[in-house]
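Visitor: I should like to learn how to read the interior of a protein model. Where should one begin?

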Amino acid sequence: MLTIRRPLIAALVSLVALSGAAFAQDFAIEPIDRISKGNVHDLLRGQLENAADDAGVRIQSREMTSFVREEMTLIAASTEGFEFVPATALEGGVDVGFAFFDAPRTTLPTGYYTIRASAENVAVGQIEGQVELVGIDGEVVATFPATMGVRTLDVPAEPQYNRTVVGGAVDLDHETGFRKISVWIVCPNGMAVCFEMDLFDYWMYF
């Protein structure tokens with residue numbers, strides 16, 4: 001099992017992918033000469049929905065995220081029904097999302113994963129926890145530190161919005177020389193989950 005332990009720097013800018021051809025052959029994404037006729041994000045949404053159905057995971061993909069950077073692709077959506085889960089459930093672990101990761105310069109195998117968040121001693125405020133990436137076979141493949149924001153321990157009777165929003169970014173850390181994939185899931189149940197994973201050493205390009 002891969003474990004990466006680094007301080008979390010929550011990203012604030014989400015990116016929408018404009019190309020899905022990088023992994024077309026292995027994962028049946030439409031080639032670029034065909035997807036140019038439609039909305040790429042919608043095609044990636046359909047791909048993620050089909051994979052989630054095959055894995056027996058129900059997702060809410062309307063507010064999903066997708067982006068492609070050099071040698072890295074992410075498609076992620078929240079799980080359906082997460083809006084009705086109280087923050088206290090984090091102590092037993094909660095499936096908060098479903099994602100496709102392709103980051104060949106890491107040791108994380110390319111594939112589809114359920115994102116499972118957990119934390120001890122859940123309280124209102126910012127808390128530390130972890131995120132596990134669970135493979136299609138049900139095995140935990142990677143574990144990352146996570147920062148979580150808890151506004152309320154109970155699901156609000158009248159939430160400010162009704163859909164969970166998933167975002168992500170790739171940032172450059174000039175102190176360490178590594179790129180970072182950041183993922184955040186913000187839910188109207190009063191919870192936000194943020195985690196990041198390291199990519200390759202970009203100093204090699206200079």
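Guide: In soluble globular proteins, nonpolar side chains tend to be buried together. In this predicted model, the largest nonpolar core comprises 36 residues. Leu74, Phe101, Leu133 and Phe195 have the most contacts inside that core.

Visitor: Which strands each supply at least two residues of this core?

Guide: Strand 3 (72-79), strand 4, strand 5 (111-118), strand 6 (125-134), strand 7 (140-150), strand 8 (165-173), strand 9 (178-187) and strand 10 (191-201) do so. The largest share, five residues, is drawn from strand 7. Another core, of 13 residues, lies apart from it and includes Leu44, Ile75, Phe98 and Tyr112.

Visitor: How many helices and strands are there in the protein chain?

Guide: The chain contains three helices and ten strands. Along the sequence, they follow the pattern β-α-α-α-β-β-β-β-β-β-β-β-β. Of the contacts with a separation of 6 or more, 55% are between residues 24 or more positions apart.

Visitor: What share of the 206 residues is buried, and what do carbon and sulfur atoms supply of the exposed area?

Guide: Buried residues make up 48% of the 206. The chain exposes about 10400 Å², and carbon and sulfur atoms supply 51% of that area.

Visitor: Why is Asp102 classed as buried?

Guide: The class rests on a cut-off: buried means under 20% relative accessible area. Asp102 has a value of 13%, and is therefore buried. Asp102 belongs to strand 4 (residues 94-102), and its side chain makes a polar contact of 2.7 Å with the side chain of Thr110.

Notes. Residues numbered from 1 in each chain as written. Predicted model: local features only at pLDDT ≥ 70, side-chain atom pairs only at ≥ 80, totals over all residues. Heavy atoms only, no water. Helix = DSSP H or I, 4+ residues; strand = E, 2+ residues; numbered from the N terminus. Buried < 20%, exposed > 50% of the residue type's maximum accessible area, 1.4 Å probe, protein only. Polar contact = N/O pair within 3.5 Å; in protein donor to acceptor, adjacent residues only side chain to side chain. Contact = heavy atoms within 4.5 Å. Areas by Shrake-Rupley, 256 points an atom, 1.4 Å probe, with all protein chains shown as cover. Core = buried A, V, L, I, M, F, W, Y, C linked by side-chain atoms within 4.5 Å.
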